[in-house]
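Here is the note you asked for on the model, set out as numbered points. It is best read with the coordinates open alongside.

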Amino acid sequence: MKTLALTVAAVLMASAALAAPVKVGIAAEPYPPFASPDAGGTWVGWEVDMIGAVCKAAEMECEIVPVAWDGIIPALTAGQIDAIMASMSITEERLQTIDFSDKYYNTPTVIVGPKDMAMTATPEGLAGKILGVQVSTVHEAYAQKHFAGSAAEIKVYQTQDEANQDLVAGRIDAVQADSIALDAFLATEAGAACCALKGAVADDPAVLGLGVGVGLRKGEEDLKAKFNAGIAKVLEDGTYEAVSKPYFASSIYGG
Amino acid sequence: MTGFCQPHRIIMALVALALIGWSATTLRWDWVPDYAGLAALGLWRTIWLLVLSAALGLMLAIPLGLAQAAGPWWLAAPARGFCTVIRGTPLLLQLWLLYYGLGSLFPSIPWIRNSDLWPLLRHAWPYGLLTLTLSFAGYEGEVLRGAFRGVPKGQLEAARAMGMPRLTLLRRIWLPQALHRALPTLGGETVLQLKATPLVATITVVDIYAVASRVRQDTFITYEPLLLLAVIYMAITGLIVLLFRWLEGRIPSRVA
Amino acid sequence: MTALAGAAASTLDLLQLAPPGWGGNLLRGLANSVLIAAGAFGLGLGLGTLGAFGKLYGGPVLRDLLAVYTTVVRAVPELVLILILYYAVTDSVNQILLAFGYERIQISGLAAGIAVLGVVQGAYATEVLRGAIQSVPVGQIEAARAMGMPPGLLARRVTLPLMLANALPGLANLWLIATKDTALLAVVGFAELTQQTRQAAGATKAYFTFFMAAGLLYLLLSILSTWGFARLERRARRGLPEVRG
């Protein structure tokens, strides 16, 4: 028994001693155009490219690990991954549990609904409507805080894709999410046929956060400094623009 | 030797108590009052989904079992096929096929949105209930097939010889005996059905599992809600086991 | 009619094995599912064998602990157990390592999935194997002992072969449960068949097509397994008196 324990410990130490790549967690649920798997099984999108660019700039070897979005913070704290780059906004709530790097993008939050339904992105405008959001996002928190009183129901989905799908199916009246993600949805055939942009929600930095950053375990200052340096470098040397160009017409770095 | 209060059991009970005491004092439970109302609603939803799907599933399982045990081939084959498909594929996949698969077909069938059923079809729970019912029917149909076959032929022949009409024979003799034979497995199947209910949370039905997930996401507390959830499911399982033990005790076993 | 033919053609395009078709992804997912199911089934068999012997021949404390294990696993939904074990196991391994001054290690999703489902399978396997061991006629074992057969040979030549025939139906059932339970790992984001299907469906919006295709794959797996286990059981029962239930 003792020798077994020693062997296990030796194997574990050996695997830890090998310069392990930084495991960057992304959400296992497709979130186009930021990160989604293609038909060949590889992950593509702006955020995937950005992970590559930031890691290269910071001279780190990174490995992308898809993790269920609703368990991505426990996966980080449990050590299954070392960093989160999954469009996760920097919020007060999350800062109590994990740490963040500087932000690497910031976009407004919008509401999309059926073309033929009158609606605005305000509590009054959503009165009696069924609103869909993705689980454990700032959008869910925002909807629970501002729209729970007036909306008929707030439905929580595992993935944004599934919320969009139910909007197309007519089972919900509106979805709330990041403007880029919903632009991408409205550009699809199904999205263009059914739905339209209904406006941006009023900002609430306490809930919506201060942009998207790299999520890190608390106390890992070295890794944080590396990511910050990498983000600063790609912004400075034009890599950020080069990576963004195929995806977006204008910069999404935001103010 | 056979008594419950053996020395080691007392020590184990003390260890268990110490564990409970430790988790009550050192883990975080301050979120419980905030979510108690939501949890009660979720628990209620879990229970009626379980009860309704098991009851409806059993009703569906009777013709399925009967068709396989004694039906002509054109009834037995589809019944057998249904049970094979249900038992051969994961429940999660069946659920997503019915909810998202059917949902993706809705936009191409405009009259559905104008039908009277539409308000119902917009909700998620009918899909959850339907999937759970079909699943229970599939598994229990297989059990009842054996149970119907297991009823002694002599009983049926005697009833037929007395000139009993076929429906009465089914209602008075065949079905009660088959159900009695199936009762021990029915309890087990009901526990399995309970364990299947949390899957409906993945299609936006807010059951007790979904409430625990909500707590995890709101508070970033990982284990405590899951531990409490496990305890709740164990309590419901205990109740189901007791209920079926009571049922089995009440029904006389003379017939076997 | 042409619309129907068009729909059939586009469905086939979606399911093509090479990109841009998603069929390759589904098959990779299926391979992952089978791998996890096999690993979990194997681990479950190991745990179940230990558990069964512990329950039958262990001391009172061991027996009660095993009873707690099988009761808890059989009462709590797999989904909840998977979440608890998935995070708790990796977390506690790392906590222990850190406490002893080692670096934290990465546990792959595959290993975690196998471990978690294996623990669940172990509880059910314990009951199946215990029943099978008990059903071996005592007279056979006593006869072998009386002939002076050493315990190892006795287990290999008498107990195990006799037990196997009785255990196979239960084990076949467990294997089917293992293949279907791998779908639950979709909830923790592991790239097995159901998760791959969900991604393909989300990307192409062809939800119905992909869920049906995955259903067929699972069904095929289950039918093949059932057939295989039936053959095995026939082999194992050769030379044994016919049982009537």
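Which residue in β9(A) is the bridge partner of A:I130? The bridge partner of A:I130 is A:E153, and the points below set that pair in its surroundings; please keep in mind throughout that this is a predicted model.

1. The sheet that holds this pair. In chain A, 5 strands form an open sheet in the order β9-β8-β10-β7-β11, and the pairing within this sheet is mixed. The edges are taken by β9 (153-157) and β11 (195-200) of chain A, each of which has a single partner strand, so that one side of each is left without a neighbour in the sheet. Direction ignored, neighbouring strands of this sheet are turned by 30° against each other on average. Strand β8 (residues 130-134) of chain A runs parallel to β9(A), and 5 bridges join the two.

2. Helices against that sheet. Helix α6 (residues 160-169) of chain A packs on the sheet and touches β8, β9, β10 (174-178) and β11 of chain A, with a direction that makes about 160° with that of β8(A). Helix α7 (residues 179-187) of chain A lies across β7 (109-114), β10 and β11 of chain A, and runs at about 125° to β10(A).

3. The other sheet of chain A. An open sheet of 5 strands follows the order β4-β1-β5-β12-β6 (chain A), and here too the pairing is given as mixed. At its edges stand β4 (62-67) and β6 (99-105) of chain A, and because each has a single partner strand, one side of each is left without a neighbour in the sheet. Strand β1 (residues 22-27) of chain A and strand β5 (residues 83-84) of chain A run parallel and are joined by 2 bridges; within this pairing, A:G25 stands opposite A:I84 in β5(A).

4. Helices against the β4-β1-β5-β12-β6 sheet. Helix α2 (residues 46-57) of chain A packs on this sheet, where it touches β1, β4 and β6 of chain A, and its direction makes about 150° with that of β4(A). Helix α10 (residues 221-236) of chain A also packs on the sheet, touching β5, β6 and β12 (212-216) of chain A, and its direction makes about 10° with that of β6(A).

5. Domains of chain A. The domain assignment divides chain A into domain 1 (18-106 + 210-244) and domain 2 (109-207). Taken over C-alpha atoms, the centres of domain 1 of chain A and domain 2 of chain A are separated by 25 Å. Their contact takes 13 residues from domain 1 of chain A and 14 residues from domain 2 of chain A. On the side of domain 1 of chain A that touches domain 2 of chain A, the residues divide into 7 nonpolar, 3 polar and 3 charged.

6. Chain B against chain A. Here 13 residues of chain B are in contact with 19 residues of chain A. On the side of chain B that touches chain A, α4 and α10 (208-219) of chain B each supply at least two residues, and the largest share, 3 residues, comes from α4(B). By class, this side of chain B has 4 nonpolar, 7 polar and 2 charged residues.

7. Chain B against chain C. This contact takes 29 residues from chain B and 33 residues from chain C. The elements that give two or more residues to the side of chain B that touches chain C are α1 (7-26), α3 (73-88), α4 (91-105) and α11 (223-250) of chain B, and the largest share of that side, 8 residues, comes from α4(B). By class, the side of chain B that touches chain C has 18 nonpolar, 9 polar and 2 charged residues.

8. Annotated spans in chain B. An unreviewed UniProt entry places the feature "transmembrane region" at residues 47-70, 91-112 and 226-247 of chain B. In the model, residues 47-70 of chain B are 100% helix and 0% strand, with the end C-alpha atoms 34 Å apart. Residues 226-247 of chain B are likewise 100% helix and 0% strand, and their end C-alpha atoms lie 31 Å apart.

9. A helix pair in chain C. The axes of helix α7 (residues 151-181) of chain C and helix α9 (residues 207-237) of chain C come within 9 Å and cross at roughly 170°, which makes α7(C) roughly antiparallel to α9(C). Residues that make the contact include C:L164, C:L168 and C:W175 of α7(C) and C:L221, C:F229 and C:L232 of α9(C). The residues of this contact divide into 11 nonpolar, 4 polar and 2 charged.

Technical notes: Residues numbered from 1 in each chain as written. Chains lettered and ligands numbered in written order. Predicted model: local features only at pLDDT ≥ 70, side-chain atom pairs only at ≥ 80, totals over all residues. Domains from an automatic or database assignment. Contact = placed C-beta atoms within 7 Å. Nonpolar A, V, L, I, M, F, W, Y, C, P; charged D, E, K, R; others polar. Helix = DSSP H or I, 4+ residues; strand = E, 2+ residues; numbered from the N terminus. Pairing = 2+ DSSP bridges. Axes fitted to C-alpha atoms, helices over the stretch in contact; angles between N-to-C directions. UniProt positions renumbered as here; feature names shortened; annotations may be inferred. Parallel < 35°, antiparallel > 145°, perpendicular 65-115°, else oblique.
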